[in-house]
Amino acid sequence: MAIELVPLGNLTFQLGTQSLLRTTPSGMRLISELSAVEWTGERLRGQLRGAAAADWLIIGADGIATLDIRFVLATDDGAILYVHGPGRSDASKGAGSAPSYFVPYIETDDPRYAWLNRTQLIAKGQLTGTTVAFEVFEVR
């Protein structure tokens with residue numbers, strides 16, 4: 001049985017204030033606030049709601065970055081979505097030198113978007129300057 005990837009849109013983050021903790025029990029922690037978030041696509045369009053949005057990134061001694069992204073998205077038609085999930089990137093050669101992979105989970109109480117509560121997503125993105133741009137796919 002083959003996996004099918006169905007495009008769900010583009011997700012763009014603008015990185016804001018960053019806090020670096022060089023040595024924590026988990027590794028080097030880089031907390032990057034998200035100052036803007038935009039999701040564009042045929043089935044889902046929205047922007048960041050509020051200011052509680054960040055990537056709580058951990059970089060291990062081997063340079064592998066583990067993402068922990070969390071934000072609230074307000075859709076263009078008024079729904080509220082909580083988006084969160086893990087990811088990975090190889091930062092051993094510096095930030096942005098390799099793609100980032102993100103597995104967004106979406107939670108909502110809006111019946112128009114209830115299908116997202118049970119949908120597995122995967123995203124591949126790239127850091128360029130202070131912008132991270134992901135292509136998001138529904139896994140079927």
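1. A good place to start is a small cluster of charges: Arg-43, Glu-138 and Arg-140 are joined in a network of salt bridges. Please keep in mind as you look around that this is a predicted model. Side chains of opposite charge can pair when their charged atoms come close. Searching the whole structure turns up six salt bridges, and the next three points walk through some of them.

2. Take Arg-45 and Asp-76, which form a salt bridge whose closest N and O atoms are 3.6 Å apart. Arg-45 sits in the loop between strand S2 (27-40) and strand S3 (46-48), while Asp-76 sits in the loop between strand S5 (64-75) and strand S6 (80-90), so this pair ties together parts that are 31 residues apart in sequence. Arg-45 is partly exposed, at 41% relative accessible area. Asp-76 is partly exposed too, at 48%.

3. Another loop-to-loop pair is worth finding on your screen. Asp-77 and Arg-112 meet through their side chains in a salt bridge, 3.4 Å from N to O. Asp-77 belongs to the loop between S5 and S6, and Arg-112 to the loop between strand S8 (105-107) and strand S9 (121-128); with 35 residues separating the two, the pair links distant parts of the chain. Asp-77 counts as partly exposed, with 41% relative accessibility, and Arg-112 also counts as partly exposed, with 44%.

4. Now turn to Asp-68, which is placed in strand S5. Its side chain meets that of Arg-70 in a salt bridge, 3.0 Å from N to O. How exposed are these two? Asp-68 has a relative accessible area of 24%, which makes it partly exposed because the buried class stops at under 20%. Arg-70 is partly exposed at 35%. Leaving out residues up to four places away in sequence, Asp-68 touches Ala-54, Asp-55, Trp-56 and Gly-85. The C-alpha atoms of Asp-68 and Ile-58 are 8.3 Å apart, with their positions 10 residues apart along the chain.

5. Following one of those contacts leads to Ala-54, which is found in strand S4. Is Ala-54 buried or exposed? Ala-54 is buried, with a relative accessible area of 5%. Once neighbours within four places in sequence are set aside, Ala-54 is in contact with Ile-31, Ser-32, Glu-33, Leu-34, Asp-68, Ile-69 and Arg-70. Both members of the Asp-68 and Arg-70 salt bridge therefore appear among the contacts of Ala-54. Ala-54 and Leu-15 lie 39 residues apart in sequence, yet 8.4 Å apart from C-alpha to C-alpha.

6. Leu-15 brings us to the open space in the model. Rolling a probe the size of a water molecule over the atoms shows where empty space is left. The largest pocket has a volume of about 400 Å³. It is lined by 26 residues, and those closest to its centre are Leu-15, Asp-55, Leu-57, Ala-95 and Leu-127. Which strands contribute at least two residues each to this lining? They are strand S1 (5-24), S2, strand S4 (54-59), S5, S6, S9 and strand S10 (131-139). By type, the lining divides into 15 nonpolar, nine polar and two charged residues.

7. The largest nonpolar core is made of 30 residues, and those with the most contacts inside it are Leu-11, Phe-13, Trp-39 and Phe-71. At least two residues of this core come from each of S1, S2, S4, S5, S6, S9 and S10. Which strand gives the largest share? That is S5, with five residues.

8. Trp-39 deserves a closer look. Not counting residues up to four places away in sequence, Trp-39 touches Leu-8, Gly-9, Asn-10, Leu-11, Leu-44, Arg-45, Gly-46, Leu-73, Ile-106, Leu-121 and Val-136. Among these is Arg-45, the salt-bridge partner of Asp-76.

9. Finally, have a look at Phe-134 in strand S10. Phe-134 is buried, with a relative accessible area of 3%. Apart from neighbours within four places in sequence, Phe-134 is in contact with Gly-9, Asn-10, Leu-11, Phe-13, Ser-100, Phe-102, Ala-123, Lys-124 and Gly-125. Gly-9 and Phe-134 are 125 residues apart along the chain, and their C-alpha atoms are separated by 8.5 Å. Gly-9, Asn-10 and Leu-11 are contacts of Phe-134 and also of Trp-39.

How values were computed:
Residues are numbered from 1 along each chain as its sequence is written. This is a predicted model: local features need pLDDT of at least 70, side-chain atom pairs count only at pLDDT 80 or more; totals for chains, interfaces and linings use all residues. Side-chain values use heavy atoms; hydrogens and water are left out. A salt bridge is a side-chain nitrogen of Lys or Arg within 4 Å of a carboxyl oxygen of Asp or Glu. Helices (H or I, at least four residues) and strands (E, at least two) are DSSP runs, numbered from the N terminus. Buried means under 20% relative accessible area, exposed over 50%, partly exposed in between (1.4 Å probe, protein chains only). On a 1 Å grid over the protein atoms alone, a cavity is a set of points where a 1.4 Å probe fits but cannot get out, and a pocket is an open set with protein on both sides within 12 Å along at least five of seven lines; lining residues have an atom within 4 Å of a point. Grid points are joined across faces, edges and corners, and a volume is the space filled by probe spheres set on the points. Ala, Val, Leu, Ile, Met, Phe, Trp, Tyr, Cys and Pro count as nonpolar, Asp, Glu, Lys and Arg as charged, and the others, Gly among them, as polar. A nonpolar core is a set of buried Ala, Val, Leu, Ile, Met, Phe, Trp, Tyr and Cys residues joined through side-chain atoms within 4.5 Å. Contact means heavy atoms within 4.5 Å.
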